[in-house]
Amino acid sequence: MLGDDTIIEVLEVRGQTVRIGIDAPRAVPVYREEIWLEVKRENQAAAEAAASGELPDVSGRLGS
Amino acid sequence: MSLTIESSRFGRVDIDPQAVLEFPEGLIGLGGSRYALLANDPDTPFLWLQSLDDPSLALPVTNPHQFFAEYAVEVIDEDAERLGFDQSSAMDVYVTVRAAPVLEDFTANLKAPILVRAGTAYQVINQAPGCELRARLFAAPNGASTPDADPAC
């Protein structure tokens with residue numbers, strides 16, 4: 001379940017392949033599942049990767 | 001109306017209402033509908049998206065144009081319609097950043113930018129060809145003068 005009105009359902013698992021069904025209202029764009037999942041993972045990784053609340057001072061390292 | 005949260009990462013934070021962004025659809029895969037855009041440190045090009053729904057959720061973001069001057073975003077028609085913008089709409093763009101122990105390994109997600117207009121934000125899939133999910137932000141110290149993608153996509 002995603003949000004209030006989008007349902008993702010695993011239709012079939014065969015070997016390495018998983019078929020996924022998406023039931024979404026018209027207003028929600030449905031991206032290709034693998035891209036959506038990649039972005040989801042990347043978002044999670046970004047949230048986890050910064051070990052502290054500090055990010056580096058990069059002055060001098062920015063491109064022109 | 002001011003807002004104070006207990007962030008896992010930053011402790012007690014007073015949120016300027018102007019910094020609150022509504023994400024009607026959340027960040028892709030993470031949910032949450034309200035985030036604050038925190039500019040904690042003026043010395044870095046990075047900002048934080050702190051979830052107001054989940055105190056433990058915060059992601060670093062940056063303005064991609066600081067790193068990739070040519071960065072462009074193309075969205076599908078449904079997104080354009082949903083965001084209610086046309087060619088002339090002013091909009092801020094941010095991308096999530098994956099931090100790493102060394103700067104050379106910092107990457108930004110150019111594939112899924114966050115578009116912000118008038119306090120409302122959507123993370124969309126960029127249809128411009130060649131946009132990387134993990135684009136390096138900094139060149140190796142002894143390497144080329146620019147990151148590996150310029151133009152980024």
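How much area do chain B and chain A bury between them? In this predicted model, the two chains bury about 2,900 Å² between them, and 64% of that area falls on carbon and sulfur atoms. Chain B brings 42 residues to the contact, while chain A brings 28 residues.

A good place to begin is chain B itself. Chain B holds 1 helix and 11 strands, and reading along its sequence gives the pattern β-β-β-β-β-β-α-β-β-β-β-β. Of its 153 residues, 48% count as buried. Among the contacts in chain B with a separation of 6 or more, 50% come from residues 24 or more positions apart.

The interior comes next. The largest nonpolar core has 42 residues, and those touching the most other members are B:Ile15, B:Phe46, B:Tyr71, B:Phe106, B:Leu110, B:Leu137 and B:Phe138. This core draws on both chains: helix H1 (33–49) of chain A supplies at least two residues, as does each of strand E2 (11–15), strand E4 (34–38), strand E5 (46–51) and strand E7 (92–98) of chain B. Another core, of 16 residues, lies apart from it and includes B:Leu21, B:Phe23, B:Val116 and B:Ala121.

B:Leu47 offers a closer view of strand E5 of chain B, where it is placed. With a relative accessible area of 17%, B:Leu47 falls under the 20% cut-off and is therefore buried. Beyond its neighbours within four places in sequence, B:Leu47 is in contact with B:Leu37, B:Leu38, B:Ala39, B:Leu59, B:Pro60, B:Val61 and B:Tyr94. One of these partners, B:Leu59, is 12 residues away in sequence, with 8.4 Å between the two C-alpha atoms.

Turning to polar features of the interface, 5 residue pairs are in polar contact across chain B and chain A, with both residues at pLDDT 80 or more. On the side of chain B that touches chain A, the elements giving two or more residues are E5, strand E6 (58–62), helix H1 (77–83) and E7. The residues of that side of chain B divide into 23 nonpolar, 8 polar and 11 charged.

Which residues are linked in a network of salt bridges? The network consists of A:Glu42, B:Arg98 and B:Arg134. Across the interface of chain B and chain A there are 2 salt bridges, out of a count of 6 over all chains. A:Glu42 forms a salt bridge with B:Arg98, with the closest N and O atoms 2.8 Å apart. Because A:Glu42 lies in helix H1 of chain A and B:Arg98 in strand E7 of chain B, this pair joins two chains. A:Glu42 counts as buried at 2% relative accessibility, whereas B:Arg98 is partly exposed, at 26% relative accessible area.

The side chain of A:Glu42 also meets that of B:Arg134 in a salt bridge, at 2.7 Å from N to O. Here B:Arg134 sits in the loop between strand E10 (120–123) and strand E11 (135–136) of chain B, and A:Glu42 in helix H1 of chain A, so this pair too joins two chains. B:Arg134 is partly exposed, with a relative accessible area of 43%.

A further salt bridge is found between residues of chain B, where the side chains of B:Glu6 and B:Arg12 meet at 3.1 Å from N to O. B:Glu6 is partly exposed, with a relative accessible area of 48%, and B:Arg12 counts as exposed at 62% relative accessibility.

Definitions and conventions: Residues numbered from 1 in each chain as written. Chains lettered and ligands numbered in written order. Predicted model: local features only at pLDDT ≥ 70, side-chain atom pairs only at ≥ 80, totals over all residues. Heavy atoms only, no water. Core = buried A, V, L, I, M, F, W, Y, C linked by side-chain atoms within 4.5 Å. Buried < 20%, exposed > 50% of the residue type's maximum accessible area, 1.4 Å probe, protein only. Helix = DSSP H or I, 4+ residues; strand = E, 2+ residues; numbered from the N terminus. Contact = heavy atoms within 4.5 Å. Buried area = accessible area lost by both parts, 1.4 Å probe. Salt bridge = Lys/Arg side-chain N within 4 Å of Asp/Glu carboxyl O. Polar contact = N/O pair within 3.5 Å; in protein donor to acceptor, adjacent residues only side chain to side chain. Nonpolar A, V, L, I, M, F, W, Y, C, P; charged D, E, K, R; others polar.
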